Amino acid sequence: MIERHIILEGIDPASFYGANNVHMQMLKKLHPKLRIVARDNIIKVMGDEDELERFNKVIDLLREHCIKYNSINEEAIIDAVNGKRTDKGTDSHVIVYNINGRPIYPRSENQCRLVQEFTKNDMIFAVGPAGSGKTYTAIALAVRALKNREVRKIILSRPAVEAGEKLGFLPGDMRDKIDPYLQPLYDALEDMIPMAKLKEYMDNNVIQIAPLAFMRGRTLNDAIVILDEAQNTTPQQIKMFLTRMGNNTKMIITGDLTQIDLPAKQQSGLIHALNVLKDVQGIGFITLNKKDIVRHKLVTRIVEAYDTYDKENSKNEQ
């Protein structure tokens, strides 16, 4: 009898084993000649060599399925045991799958353009109103690159500027202080990566929090770097951020030019960068609009109402 240890890399063991180890129980029933013990991310298997080889191929197929869809089910297990690939069919429009296995894909023409520009350019500026999907799509592209092992890490950054209110002193370490500003990015990550795996990524710095003020001096290699709310950077800050770019790195800069929370006399770094870099080869520019808003239908109406109000007020001032 031979003993072999199989290490589950890149996936959440809880998702793989299922609630109350239901998936492992099924695998045990389908492999009665093997003794199988699963603990943490290690599966210990004992049996003859041929049976072990067959079981190892089953686990490889299920591991690929779990990496892609964040979970496995009875159908996937049966397909794997029968030697079939467990793909549900490839859809060229799907960016990644969420934690429930549902596809995440571009939901508007400009979101499709953002995905296309990401494949062609190493730096992308995505500008648009609230709810247009620019940040969510950027996170999805970053998660896909990480899952496909195209990069080794995801780096998230955002200027710490309050939206018209003073939050006062925030307790804790640097991560505790910056977390409230990065919550929208966390929300997207939690939708795409199982919680246990996300925590592991955070603990191992595979997904990093990089406050803009602490980026100076760094060179960011083998990473997808996302700067969110870039309209609230200064020209000096965004220049410093953009020049952190290293080898095998892609940057996505997102912002909404209608939500600048800087002091009245302070120029937005995003507006400045768009003007300075508009003719630089290798940089993609995407402008999203009200038609791209994918939140509640009221969000579109709210944005339109504010646009109309601002236009009328500007006419009256003239």
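**Entry 1. Surface patch**

I began with the surface of this predicted model. I found a nonpolar surface patch of about 190 Å², made by Leu257, Ile260 and Ile271. I then looked up where Leu257 sits: the residue is found in the loop between strand E10 (249-255) and helix H10 (269-277). For Leu257 I noted a relative accessible area of 35%. That value lies between the limits of 20% and 50%, so I entered Leu257 as partly exposed.

**Entry 2. Thr135**

I turned next to helix H6 (residues 134-147), in which Thr135 lies. Is Thr135 buried or exposed? I recorded a relative accessible area of 16% for Thr135. Buried means under 20%, so Thr135 counts as buried. I also listed the contacts of Thr135, leaving aside neighbours within four places in sequence: Leu185, Asp228 and Thr254.

**Entry 3. The open sheet**

I traced an open sheet of 3 strands and wrote down the order E1-E3-E2, with antiparallel pairing. Which strands stand at the edges? I identified them as strand E1 (2-7) and strand E2 (35-39). Each has a single partner strand, so one side of each is left without a neighbour in the sheet. On average, I noted, neighbouring strands of this sheet are turned by 15° against each other, direction ignored.

**Entry 4. Packing on the sheet**

I looked up what packs on this sheet and found helix H3 (residues 49-69), which touches E1, E2 and E3. The direction of H3 makes about 10° with that of E1.

**Entry 5. Pairing of E1 with E3**

I followed the register from E1 into E3. The two strands run antiparallel and are joined by 6 bridges. I marked Ile6 as standing opposite Ile43 in E3.

**Entry 6. Pairing of E2 with E3**

How many bridges pair E2 with strand E3 (residues 42-47)? I recorded 5 bridges, in the antiparallel sense. For Arg35 I entered Met46 in E3 as the bridge partner. I also placed Arg39 opposite Ile42 in E3.

**Entry 7. The turn**

I closed with the connection between E2 and E3, which form a hairpin with 2 residues between them. In the turn I checked Asp40 and noted a positive phi of about 55°.

Conventions
Residues are numbered from 1 along each chain as its sequence is written. This is a predicted model: local features need pLDDT of at least 70, side-chain atom pairs count only at pLDDT 80 or more; totals for chains, interfaces and linings use all residues. Side-chain values use heavy atoms; hydrogens and water are left out. Two strands pair if DSSP finds at least two bridges between them. Helices (H or I, at least four residues) and strands (E, at least two) are DSSP runs, numbered from the N terminus. Axes are lines fitted to C-alpha atoms, for helices over the stretch in contact, and angles run from 0 to 180 degrees between N-to-C directions. Contact means heavy atoms within 4.5 Å. Patches are made of residues with over 30% relative accessible area and no salt bridge: like charges are joined within 9 Å, nonpolar side chains (Val, Leu, Ile, Met, Phe, Trp, Tyr) within 5 Å. Accessible areas come from the Shrake-Rupley method with a 1.4 Å probe; for residues, only the protein chains shown count as cover. A salt bridge is a side-chain nitrogen of Lys or Arg within 4 Å of a carboxyl oxygen of Asp or Glu. Buried means under 20% relative accessible area, exposed over 50%, partly exposed in between (1.4 Å probe, protein chains only).
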